[in-house]
Amino acid sequence: MKRKQVFPLILAFVLCPLFTFPQVKQPTLMILPSDNWCNQRYFMTEYNDQGTSVKVPDYKLAFQEDTELGQVIGKIGALMLKKNYRLKDAEQEIKNLQQRTAEDNVTQSTASGSYLAESPLDMLKRRAKADIIIQIWWKVGAGKSVSFTLEAFDAYTSKRIASSTGTDLPSSGTLVPVMLEKAVSGRMKEFSGQLDNFYKDIRKNGREVILTVRRWESAPFTLEDEIDGDEITTHINRWMQKNTVGGQFSMSDATENMIQFEQVRIPLEDKNGNAMDAREFGRELQKYLDKPPFDITAKLMIRGLGEAILVLGEK
């Protein structure tokens, strides 16, 4: 082979992997003020969770009334964009959520008449489909110094996956958002490294969700009844082994009326490349049980992105 023909061939081998393998998608982030920040500024509201009054942040009111919040989130968001993360605009998602709330408020179970049990933050995470929720707290101290805490949580499990805290030196005549940007940027490498480690783990081992299987009281069977020689619980357990990443899940409880699966590792995407969450994973099991030899009708309910509840017997 002539020398002038060798270089193009080598170049082709070098460049081929760059075009053959698609780039891995970065996680989607959403930045919100922390619960403590909202509480300190009285941006809180209460909602009824099955008879219990629960106090939660009122993000809509915070964005409407606090002059710094939008600027702070914009500054932090700009730092995350430099790291090639994808951002969902929290303020815009909250506006969209308000338009859909009326629809959820009239959603009832056809069997029992029960309403959906879901916190405002759960609804926001589910609607926005963010992988990671970043919460920011800050306080301006004496001499115009600014302290902050930046925490990241897995939107599916609410587990803390990254954290950074610090205090910037006193500064005169500098706006708080600019001071925060400077303080956070100095610690962004460590913080984003923690995020990257988390995402490497779920790319390899799948994201973690919870799946609960129950039966309606009116169902003419229990989960210990046998079909084709095995209990319904055994069939479901086998399906889990085949459809989780590496067969990773924990059956934390099982009775004749319910099965509790925790630490369930599901793929990031389905076979069509669409994002997979607890609802879609639960729907696959729902379809499986709806076919012979089971022919079991089931109602699928969810809590946020990370928990699915399948109730067998009717919808």
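Here is a short set of numbered notes to read alongside the structure above.

1. **Confidence.** Please keep in mind that this is a predicted model. The mean pLDDT of the protein is 84, and 82% of the residues reach 70 or more. One stretch deserves some caution: residues 6-24 have pLDDT under 50 throughout, and the model gives them three contacts beyond four places in sequence.

2. **Overall make-up.** If you count the elements along the chain, you will find ten helices and 14 strands. Of the 315 residues in the protein, 42% are buried. The contacts also tell you how the chain folds back on itself: taking those between residues at least 6 apart in sequence, 60% join residues at least 24 apart.

3. **One five-stranded sheet.** Try tracing the order β4-β1-β5-β6-β7, which makes an open sheet of five strands with mixed pairing. Its edge strands are β4 (86-88) and β7 (160-168), each of which pairs on one side only. On average, neighbouring strands here are turned by 25° against each other, ignoring direction. For a closer look, start with β1 (residues 28-33), which runs parallel to β4 and is joined to β4 by three bridges. Within this pair, T28 stands opposite R86 of β4.

4. **Helices on that sheet.** Which strands does helix α7 lie across? Helix α7 (residues 176-185) lies across β5 (132-140), β6 (146-154) and β7, and runs at about 65° to β6. Helix α8 (residues 188-205) packs on the sheet as well, touching β5, β6 and β7. The direction of α8 makes about 180° with that of β7.

5. **The other five-stranded sheet.** Now follow the order β11-β12-β8-β14-β13, where five strands form an open sheet, again with mixed pairing. Because β11 and β13 (298-303) each have a single partner strand, one side of each is left without a neighbour in the sheet. From one strand to the next, the twist averages 15°. Strand β14 (residues 307-312) runs antiparallel to β13, and six bridges join the two. One bridge to find on screen links I302 with its partner A308 in β14.

6. **Helices on this sheet.** Helix α9 packs on the sheet by touching β8, β11 and β12, and its direction makes about 5° with that of β12. Helix α10 lies across β8, β12, β13 and β14, at about 20° to β14.

7. **A closer look at α9.** Helix α9 (residues 232-243) has twelve residues and spans 17 Å from its first C-alpha to its last, close to the 16 Å expected. Which residues of α9 are buried? They are I232, T233, H235, I236, N237, W239 and M240. An α-helix has 3.6 residues a turn, so residues three or four places apart point the same way. The cover over the buried residues of α9 includes β8 (207-215), β9 (226-227), β10 (230-231), β11 (250-254), β12 (258-266) and α10 (278-290).

8. **The nonpolar core.** The largest nonpolar core holds 77 residues, and those touching the most other members are I134, W138, L195, I236, M240, F261 and L312. Take F261 as an example: beyond four places in sequence, the contacts of F261 are I210, L211, V213, I236, N237, M240, F249, S250 and M251.

9. **Two buried loop residues.** S34 sits in the loop between β1 and α2 (35-40). Is S34 buried or exposed? S34 is buried, because its relative accessible area is 7% and the cut-off for buried is under 20%. Outside its close sequence neighbours, S34 touches Q135, I136 and W137. D131 lies in the loop between α6 (120-128) and β5, and D131 also counts as buried, at 7% relative accessibility. Contacts of D131 beyond four places in sequence include T28, R86, Y199 and R207. The C-alpha atoms of D131 and L305 are separated by 9.0 Å, although these residues are 174 apart along the chain.

10. **An exposed helix residue.** Finally, have a look at Q64 in helix α3 (residues 59-65). Q64 counts as exposed because its relative accessibility is 57%, and exposed means over 50%. Q64 and E91 are 27 residues apart in sequence, and their C-alpha atoms are 9.3 Å apart in space.

Conventions: Residues are numbered from 1 along each chain as its sequence is written. This is a predicted model: local features need pLDDT of at least 70, side-chain atom pairs count only at pLDDT 80 or more; totals for chains, interfaces and linings use all residues. Side-chain values use heavy atoms; hydrogens and water are left out. pLDDT is the predictor's confidence in each residue, from 0 to 100. Contact means heavy atoms within 4.5 Å. A nonpolar core is a set of buried Ala, Val, Leu, Ile, Met, Phe, Trp, Tyr and Cys residues joined through side-chain atoms within 4.5 Å. Buried means under 20% relative accessible area, exposed over 50%, partly exposed in between (1.4 Å probe, protein chains only). Two strands pair if DSSP finds at least two bridges between them. Helices (H or I, at least four residues) and strands (E, at least two) are DSSP runs, numbered from the N terminus. Axes are lines fitted to C-alpha atoms, for helices over the stretch in contact, and angles run from 0 to 180 degrees between N-to-C directions. The expected span of a helix is 1.5 Å times one less than its number of residues.
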